[in-house]
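Thanks for sending this one over. I have put my comments as numbered points, so you can go through them with the viewer open.

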Amino acid sequence: MPSFQVSRSNNLTWEAGVFNPADIQKGMTARDRDGENLGLIVSVDEMGFLIEKGSYFPRDHRVAFSDVSDIDRDDVYLREDLASLPGVRPDVLEARGEAARHAVLHHDATGALGVIPGDLDR
């Protein structure tokens, strides 16, 4: 699984993978693995980024860099499809005839929702 470390100067150092987390910028479009537009990236920090609240997420949604599979110009592609992402509004999945397939959500210090990495191992 890709990993990165943050140096004292807050520069990201990429150890493995096909993209550099430092290339993910505010204003890029987040997409699920099938290319579905999930929304704009509204902030980026050393832990990951936030996707804006909107039609899929009831509040800004936290995504870890390890959940990204690729970057293509202004698009950031996640590893999971829409139904597998935590925090997707249930009515959206119901309207699509899908059921949620994800881990339990937790609030981070900013109030955004996301998955704690240890939850994925359970």
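The points below go from overall confidence and layout to the core and then to single residues.

1. Confidence first. Please keep in mind that this is a predicted model. The average pLDDT is 79, and 68% of the residues score at least 70. Strand E3 (residues 29-31) has the highest confidence, at 97, while strand E1 (residues 4-6) has the lowest, at a mean of 41. The pLDDT is below 50 over residues 1-17, yet this stretch still has 30 contacts in the model beyond near neighbours in sequence.

2. Overall layout. The secondary structure consists of one helix and 10 strands. Read from the N terminus, the order is β-β-β-β-β-β-β-β-α-β-β. The chain has 122 residues, of which 34% count as buried. About 7200 Å² is exposed, with carbon and sulfur atoms supplying 47% of that area. If you look at contacts between residues at least 6 apart in sequence, 39% of them join residues at least 24 apart.

3. The nonpolar core. Which residues have the most contacts inside the largest nonpolar core? They are Ile24, Leu38, Phe49, Ile51, Val76, Leu78 and Leu82, in a core of 22 residues. Two or more residues each come from strand E4 (37-45), E5, E7, strand E8 (75-78) and helix H1 (90-95).

4. Leu78 as a way into that core. Setting aside neighbours within four places in sequence, Leu78 has a contact list that includes Leu38, Phe49 and Ile51, and these three are also among the core residues with the most contacts. The list for Leu78 holds charged side chains too, including Arg31, Asp32, Arg33 and Asp67. Val63, Val68, Ser69 and Leu85 complete it.

5. The aromatic pair. There is one aromatic pair in the structure. It is formed by Phe49 and Phe65, whose ring centres are 6.4 Å apart; the planes meet at 50°, so the pair counts as tilted. The two partners are 16 residues apart, with Phe49 in strand E5 (residues 48-51) and Phe65 in the loop between E6 and strand E7 (68-72), and the pair thus links distant parts of the chain. Both Phe49 and Phe65 are buried.

6. Phe57 and its surroundings. Phe57 sits in the loop between E5 and E6. Is this loop residue buried or exposed? Phe57 is buried, because its relative accessible area of 1% falls under the 20% limit. Beyond four places in sequence, the contacts of Phe57 are with Leu38, Ile51, Glu52, Leu85, Pro86, Gly87, Val88 and Arg89. One of these partners, Pro86, is 29 residues away in sequence, with a C-alpha to C-alpha distance of 9.2 Å.

7. His61, which also involves Pro86. His61 belongs to strand E6 (residues 61-64) and is buried, at a relative accessible area of 4%. Its side chain reaches the backbone oxygen of Pro86 at 3.4 Å. You may want to view His61 and Phe57 together, as Pro86 appears in the contacts of both.

8. Thr29 and Lys26. Thr29 is in strand E3 and is buried, with a relative accessible area of 14%. Leaving out neighbours within four places in sequence, Thr29 touches Asn37, Gly39, Leu40, Asp74, Asp75 and Val76. Lys26 lies in the loop between strand E2 (12-14) and E3 and, at 67% relative accessibility, counts as exposed. With the same neighbours left out, Lys26 is in contact with Ile41, Val42 and Val44. The C-alpha atoms of Lys26 and Ser43 are separated by 5.3 Å, although their positions lie 17 residues apart along the chain by numbering.

9. A backbone point at Arg73. Most residues other than glycine have a negative phi. Arg73 is not a glycine, yet has a positive phi of about 55°. Arg73 is located in the loop between E7 and E8, and its relative accessibility of 77% makes it exposed.

10. Asp91, to finish. Asp91 is part of helix H1 and counts as partly exposed, at 41% relative accessibility. Asp91 and Ser55 are 36 residues apart in sequence, and their C-alpha atoms are 10.0 Å apart in space.

Definitions and conventions. Residues are numbered from 1 along each chain as its sequence is written. This is a predicted model: local features need pLDDT of at least 70, side-chain atom pairs count only at pLDDT 80 or more; totals for chains, interfaces and linings use all residues. Side-chain values use heavy atoms; hydrogens and water are left out. Helices (H or I, at least four residues) and strands (E, at least two) are DSSP runs, numbered from the N terminus. Buried means under 20% relative accessible area, exposed over 50%, partly exposed in between (1.4 Å probe, protein chains only). A polar contact is a pair of N or O atoms within 3.5 Å; within protein, one must be able to donate a hydrogen and the other to accept it, and residues adjacent in sequence count only if both atoms are side-chain atoms. Rings of Phe, Tyr and Trp (its six-membered ring) pair if their centres lie within 6.5 Å; planes under 30 degrees apart count as stacked, over 60 as edge-to-face and the rest as tilted. A nonpolar core is a set of buried Ala, Val, Leu, Ile, Met, Phe, Trp, Tyr and Cys residues joined through side-chain atoms within 4.5 Å. Contact means heavy atoms within 4.5 Å. pLDDT is the predictor's confidence in each residue, from 0 to 100. Accessible areas come from the Shrake-Rupley method with a 1.4 Å probe; for residues, only the protein chains shown count as cover.
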